[in-house]
Amino acid sequence: MSSPERSRAELPDGEGGDPACWMHRVCQECGRLADEDPPTRCPSCGAALEAL
Ligand SMILES: [Zn+2]
């Protein structure tokens, strides 16, 4: 039962989820999403990923 006064951003789960949850896992070089968390290395291009 969603209230119209509640913002969608307040909901923990939604369609597609919250992008901020995996933003730190996205490779800055190729944009691929790392399979592990915290990410250490991009599985696609091999670039080192830093956990912010
Ligand atoms: Zn990459």
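Of the 52 residues of the protein, 15% count as buried, meaning under 20% relative accessible area, with exposed over 50% and partly exposed in between (1.4 Å probe, protein chains only). The model is predicted: local features need pLDDT of at least 70, side-chain atom pairs count only at pLDDT 80 or more, and totals for chains, interfaces and linings use all residues. Residues are numbered from 1 along each chain as its sequence is written, and side-chain values use heavy atoms, with hydrogens and water left out.

The protein has 0 helices and 0 strands. These are DSSP runs, numbered from the N terminus, with helices (H or I) of at least four residues and strands (E) of at least two. The exposed surface is about 4500 Å², and carbon and sulfur atoms supply 49% of that area. Accessible areas come from the Shrake-Rupley method with a 1.4 Å probe; for residues, only the protein chains shown count as cover. Among contacts (heavy atoms within 4.5 Å) with a separation of 6 or more, 5% join residues 24 or more positions apart.

A zinc ion is bound through the SG atoms of C27, C30, C42 and C45, at 2.2 to 2.3 Å. Donors are N, O and S atoms within 2.8 Å of the metal (3.2 Å for Na, K and Ca); water is not among the atoms, so sites may look incomplete. The donor residues follow the spacing C-x2-C-x11-C-x2-C. Angles among the 4 donor atoms run from 102 to 118 degrees, and the site is tetrahedral. Four donors earn that label if all angles lie between 85 and 135 degrees. The ideal angle for four tetrahedral donors is 109.5 degrees.

Two of the zinc donors were examined for burial. C27 is buried, at 3% relative accessible area. C30 is partly exposed, at 40%. Beyond four places in sequence, C27 touches R32, C42, C45, A47 and L49.

C27 also belongs to the largest nonpolar core, whose 5 residues are C27, A34, C42, A47 and L49. Such a core is a set of buried Ala, Val, Leu, Ile, Met, Phe, Trp, Tyr and Cys residues joined through side-chain atoms within 4.5 Å. In soluble globular proteins, nonpolar side chains tend to be buried together. A34 has a relative accessible area of 1% and is buried. A34 and L49 lie 15 residues apart in sequence, with 8.7 Å between their C-alpha atoms. With residues up to four places away set aside, A34 touches R25, P39, P43 and L49.

R25 is buried as well, at 18%. The R25 side chain reaches the backbone oxygen of D35 at 3.5 Å. Outside its neighbours within four places in sequence, R25 is in contact with R32, L33, A34, D35, E36, D37, P39 and L49. V26 counts as buried at 18% relative accessibility. Apart from neighbours within four places, V26 contacts G31, R32 and L33. The C-alpha atoms of V26 and E50 are 9.9 Å apart, across 24 residues of chain.

R41, by contrast, is exposed, at 52% relative accessibility. R41 and R25 are 16 residues apart in sequence and 9.5 Å apart, C-alpha to C-alpha. Not counting residues up to four places away, R41 touches E36, G46, A47, A48 and L49.

Definitions and conventions:
Tetrahedral: all angles 85-135°; square planar, octahedral: opposite > 155°, others 65-115°. Polar contact = N/O pair within 3.5 Å; in protein donor to acceptor, adjacent residues only side chain to side chain.
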